[in-house]
Structure formats: C-alpha cells, structure tokens
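Got your viewer open and a selection box ready? Here's a short tour, one stop at a time.

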Amino acid sequence: MRIIIVGKEGQVARALAERARAHGAQAVLVGRPKLDLADPSGIEDALIETGGDLIVNAAAYTAVDQAETDPELAEAINGIGAGVVAGAATAMNVPVIHLSTDYVFDGTADRPYREDDPVSPLGAYGTSKLLGEEAVAAEAEDHVILRTAWVYSPFGKNFVKTMLRLAADREELGVVGDQHGSPTSALDIADGIFAISRNLLERREDRTLRGLFHMTGTGFASWAEFATEIFALSARLGGPSAKVRPIATADYPTPAKRPANSRLDCSKLKDVHGVVLPLWRSSLEPCVKRLIEEARKEVAR
Ligand SMILES: NC(=O)C1=CN([C@@H]2O[C@H](COP(=O)(O)OP(=O)(O)OC[C@H]3O[C@@H](n4cnc5c(N)ncnc54)[C@H](OP(=O)(O)O)[C@@H]3O)[C@@H](O)[C@H]2O)C=CC1
Ligand SMILES: Cc1cn([C@H]2C[C@H](O)[C@@H](COP(=O)(O)OP(=O)(O)O[C@H]3O[C@@H](C)C(=O)[C@@H](O)[C@H]3O)O2)c(=O)[nH]c1=O
C-alpha cells in the first residue's frame, strides 16, 4: 500500500510517515513548494506524478486565531485546495482521506456531537474547514472525512509543547476549564488512518466505508485537565511543571471563539471501520516522555 500524504512537516503527516512501516505501508510525502494548496493549478499534476494507491490530505491552515485576520487564505487552503486534492483523487481513481475538525460545531450541545448533528462554526478556521468537507464530498465519491480534535504529538506546534515551554519559566498557568474535548495523539490518528486505508483498498466497492466519521482519543477533558495531566506526567519524568489554575473562557480572550463543547461521538467509526483510538491519558505519557528526552538531548548537544 503506497499512500500519498499531502503535508510534509505537519503533526499528522509526520506521524503517518513514522508509523507507515509498522503497517507495511509506504508513505510518500508531498507538500510545498511542489504542491501548494493555495495554488490549485499545480495540485493534480503533483499528485499524479507522485503516484499511489490512496491520498491522505493532512495539510491545512491550522492557525485558529490568525485565520480571523486571513480568512481568504484559510478558505483557499482548507476549502478550495482540499476540494482540488479530492478531485485529483477522483481523476486518479484512488480513495481520498481528508481531515477535519471539532471546530465546525458551535459547542452548544449538551452531549458529544454525532456526524449528522448541525454544524455552525464560530470562527474563520472552522468555516474554512467546513467548506473543505463540502468540497471533498462534492469532488470525490470515494472519500472518508475524519473530524478529529485537540491534536498533539512530538512534532510541530501543539498544546502539549506549548504547556511544557511555558512551564519552563512560569510557576502557575491560567488554563481554560470550561471548554471540553478529547486530546488526540497524531500517532493514534496515523494508526487509525492506516486501518481505514486498508478497509478502503480491500473493499473498494463497499460504500458503507465512505463518508464522514468522528475520530478522537477516548475520554474527555477540559484544557485545564489536559494541562494538569501534562504537568503531572512531566513532573514524574523530571521535566518542567507548573500549577494549573482553571479559568473561564472569558478570562482568556482570543481573536477566535472556540466551542465550549468539542466532544465528538466516535461510535460510527467503531461500528463501520472497527477503529477505536486509545484513551487520551495512555497516549499522552509516551509523548511527554519523548519530548522531555528530546529536550535533554538538545541541551547536551
Ligand atoms: N492540530 C489540531 O489540533 C487539529 C487538526 N485538525 C486537522 O488535522 C489536519 C492535520 O493537522 P496538523 O497535523 O495538526 O497540522 P499542522 O499545523 O501540524 O500541519 C499543517 C501542515 O499543512 C501544511 N500546509 C499549510 N499550508 C499549506 C499549503 N498552502 N500547501 C501545502 N501544505 C500546506 C504545512 O506545511 P509546512 O510544513 O510547509 O508549513 C504543514 O505541514 C488538518 O486538516 C487540521 O485541520 C483537526 C482537529 C485538530
Ligand atoms: C496557551 C494557553 C491556551 N489556553 C487556552 C486557549 C484555548 O481555549 C485552549 C487551546 O489553545 P490553543 O490555541 O493551543 O489551541 P487551538 O489552536 O484552539 O487548538 C485547536 O486547533 C485546531 C487546529 C483544531 O482543529 C482544534 O481541534 C484545536 O485543537 O487553551 C489557556 O487557557 N491558557 C494558555 O496558557
């Protein structure tokens, strides 16, 4: 199984590259400058030239606050560009797996969101990702869209790395305690994507495998609880740690509004693809351990 991954340095792209061998797959990464999602003209040629059995689009404009001042670029990359990737998959007669987000919801529901719940993004990033979902579904019949949330990993930028960095020179951190979701390891996402890819390639005609699915780590937390667990693990492993003071969203003003309820119901993914991601707490420990070890090696250099 040769999988084309759009996005070279992103968290999910790097996780897919790292996990490919364990799944007996070959991962080929393609990104800027060869493939620029903001420039639709070169996308199909770049994908055809790369060649593979399936495309995973793991590239996106993910700067949630910045998107508020640059909504056109976010829509070009996350909306139009995503649709062009899906159209190329159709032209190549291969399935496409696309990643989307919990931020398509406004977070007002009082239970975890299901795939068919109404969407209503609060900000430009969520709006652009919703456009992408619509474009992918319109351009490729053979598609899977995976809405995930709160992604962390040893790679790129994420909340775990931000917390460990801030703890290096702060004793206490105020972290919002009234937004709830599921921290999700990019490495777990990668394992899930390989399992789904196998299903899609082995059962090409099975239409029940296609469509929209929720895929997050198992269990829920607030950002404050997530931060508390990061620091508990880090302290145990001799890394940086800070006291977490849970605060209200109103006390941490940001350009983009975030949903209070980001919890996603992932039962459809389990029923259709047999994929359940691990408990978020179990996957967090190896990530924190790896980040602390990498930081130590960096200091020793
Ligand atoms: N991070 C999160 O918490 C969540 C992410 N998601 C979704 O999951 C997917 C993967 O996210 P994640 O791995 O965290 O993303 P990252 O922010 O880690 O990486 C995004 C990648 O997209 C690439 N990219 C950005 N703009 C372009 C462009 N114009 N052309 C080509 N490539 C581009 C970047 O390339 P470069 O390295 O060149 O900058 C980078 O490799 C995205 O679809 C995201 O919306 C969903 C929910 C939560
Ligand atoms: C750094 C920091 C953040 N926060 C809050 C702000 C916000 O509500 C929450 C998370 O902040 P971040 O800016 O790190 O996360 P954010 O960029 O909102 O993360 C989102 O990224 C996109 C790509 C997604 O698709 C989402 O699923 C989600 O993971 O924590 C604090 O309360 N205190 C702090 O010190």
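Helices and strands here are DSSP runs, counted from the N terminus: H or I over at least four residues for a helix, E over at least two for a strand. This is a predicted model, where local features need pLDDT of at least 70, side-chain atom pairs count only at pLDDT 80 or more, and totals for chains, interfaces and linings use all residues. Residues are numbered from 1 along each chain as its sequence is written, while chains are lettered from A and ligands numbered from 1 in the order in which they are written.

**Stop one: ligand 2.** Pick α5 (159-167) and β7 (172-176): each gives at least two residues to the shell around ligand 2. Which element gives the largest share of that shell? That's β7, with four residues. Now show the whole shell: 20 residues surround ligand 2, and the closest are T62, V64, T101, A149 and V176. A residue counts as near if its C-beta atom, placed from the backbone, lies within 6 Å of the molecule. Color by class and you'll get 12 nonpolar, six polar and two charged residues. Nonpolar covers Ala, Val, Leu, Ile, Met, Phe, Trp, Tyr, Cys and Pro; charged is Asp, Glu, Lys and Arg; the others, Gly among them, are polar.

**Stop two: α5 against α7.** Keep α5 and add helix α7 (residues 223-236): they pack at about 60 degrees, axes 10 Å apart. Axes are lines fitted to C-alpha atoms, for helices over the stretch in contact, and angles run from 0 to 180 degrees between N-to-C directions. That makes α5 oblique to α7, since under 35 degrees is roughly parallel, over 145 roughly antiparallel, 65 to 115 roughly perpendicular and the rest oblique. Show F159, V160, M163, L164 and A167 on α5, then F226, A227, I230, F231 and S234 on α7, to see the contact; two residues touch if their C-beta atoms, placed from the backbone, lie within 7 Å. By class, the contact has nine nonpolar residues, one polar and no charged.

**Stop three: the sheet.** Select six strands in the order β2-β1-β3-β4-β5-β10, an open sheet with parallel pairing. Strands pair if DSSP finds at least two bridges between them. At the edges sit β2 (26-30) and β10 (211-214), each pairing on one side only. From one strand to the next, the twist averages 25 degrees. Zoom in on β1 (residues 2-6) and β3 (residues 54-57), parallel partners over four bridges, and find I4 opposite I55 in β3. Finally, add helix α1 (residues 11-19), which packs on the sheet and touches β1, β2, β3 and β4 (96-101).
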